[in-house]
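Please walk me through this structure, beginning with a single residue and moving outward to the cores and then to a second residue.

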Amino acid sequence: MNAASAGSAAQTIAALWRGPVFFVGLVGALAVWLGFPNDLINLPPLALLWPVALALLGMNAQTPSAALRAGWLLGLAGSTAALYWLALPVHNIGNLPWILALPCAVFIAACLSAANGVFSLAAYVLRERPPFCLAALLAFVWYLLEFFAAHLLGFPWLPLAGALAVCPVLVQGADILGAYALGGLWVFIALLCLFCRADKRCLALGLAGALAVLSYGTYRLNETPFLPNPTGPESFATLFVEGNIDQNQKWVPAFQRATVDAYLNLTNNALTACPEEKPLIVWPETALPFFFEKSLAHASRVRELARASGCPLLFGAPGAGQRGNGELLVFNRAFLLSPEGDTIGWYDKEHLVPFGEHLPAWLHFDFLQKLLQGVGVYEQGSSSAPLRHGALALGMLICYEGIFPWLADARVKDGANIFADISNDAWFGRTPAALQHLYLTALRAIEQNRWILRGTNTGISAVVDTRGRLTLRGEQFTAGALFARARLVAVQSPYHTFKPWIFPSALLLFCTLLVFGRSARVAHTF
């Protein structure tokens, strides 16, 4: 295929699938909203229309700037609909009026949507390539954009695999490729099907690719049976306790005793009902809203719970430290107490939430200060070593650390045989945020071949097995305690082994296709 025929193929694709720009953009924006958990109905496979719409907008654009703008606007509409809940803490806790709080969510969506604009621009620039080559190049672009956006923006909340994770069969390939590269593979499959009008072989290849991914997913799910209550020497019991503490009251000193009482009572009642169990007790992120090590009034009561029950206790509370000059440092800390009530160890949150836990020194707006809730600015932790008790080696992930693949990878490198993610999504009320957060975190189980214990304040507490399936899912906004069982796993996933090579290999293949992908021999070597 020469350059002229390649151009003809691109024109055929554009002409046969051309529609009003607004309609294509609307379909793409709806695909983002409906593909991810939302308030109406969740249709995960629909998310595949998102990159398809972006590609069509780019290929049909008249100028590079038009392609960039169209992709960005599509992403802005879809991301704002999916992430509207970001405005809630700014309004409810920061006390900012809705007319000012809503633009905060739009601003974050606008930043995330930059990658959508670049993807459409890439479709415009590369549209003269043969169909198979174009699909492959755009798939690599998608992967590279998700990879760079996650590292540069620090808020990788809407990766394509995050939408598909609701259907575990669609994302089993993450144990080899990782979530971002798997998203690129699904983009490749979707675009091959789109380009079938220009080259009939593309449809066959796209369907074959989809069948291969689904067959692998089915195989992996069948290979690892679904076990809500695993047994054997590698299994253990755990008890999740949800206090359902109101975020606006949580940091008020007068409520500290009531908060401790709530967690002690819920835990004791559950243990009394099942006296034969000696579970790992899990309380959520900042369950104790005070400096645990410095509290004379309440720390002893918590330690006595561990001693009286004979159970290890994992919980979140602010931690204190000092610089060499005596300056106080504050950490978002997870403590592990032994059955004797002693502190075995702790983990300090490594990746802090911008504006919620960390605030740049030059930002001194009152509503941002209120979002810091009681303890002020947290410091970043530096140790990823697991918290150990007996056979347990807990790889700690606090709250939204669960959405970062490299943090989970570091925990496994340090010897974690299970992940513990303690979280607090009370900030976002009854919105899709908690469900989106849960499934983004579930991807780490598949990538690293580890079970996940997810304990939360207001839900959704869950246990996730190594295939990303929920063996336990708690309710939201209900104070209570849930018993569950999980399993320790020491075997590393292929992704954990191959991870250092995936990004450079993808970049090399992209550059190779970019340079040599115009020839028929390379473009159609299937």
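Leucine 192 is buried, its relative accessible area being 1%, where buried means under 20% relative accessible area, exposed over 50%, and partly exposed in between, with a 1.4 Å probe and protein chains only. This leucine 192 belongs to helix 10, residues 174-194, helices being DSSP runs of H or I with at least four residues, numbered from the N terminus. The model is a predicted one, in which local features need pLDDT of at least 70 and side-chain atom pairs count only at pLDDT 80 or more, while totals for chains, interfaces and linings use all residues. Residues are numbered from 1 along each chain as its sequence is written, and side-chain values use heavy atoms, with hydrogens and water left out.

When neighbours within four places in sequence are set aside, leucine 192 is in contact (heavy atoms within 4.5 Å) with Phe132, Ala135, Cys202, Leu203, Leu205 and Gly206. Between the C-alpha atoms of leucine 192 and cysteine 133, which lie 59 residues apart along the chain, the separation is 9.7 Å.

The largest nonpolar core, a set of buried Ala, Val, Leu, Ile, Met, Phe, Trp, Tyr and Cys residues joined through side-chain atoms within 4.5 Å, has 128 residues, and among those with the most contacts inside it are Trp50, Phe119 and Trp186. Helix 8, residues 131-153, supplies the largest share of this core, 15 residues. A second, separate core has 23 residues, including Leu288 and Val302.

Threonine 441, placed in helix 17 (residues 433-448), is also buried, with a relative accessible area of 1%. Apart from neighbours within four places in sequence, threonine 441 is in contact with Gly402, Asp421, Ile452 and Arg454.

Methods: Helices (H or I, at least four residues) and strands (E, at least two) are DSSP runs, numbered from the N terminus.
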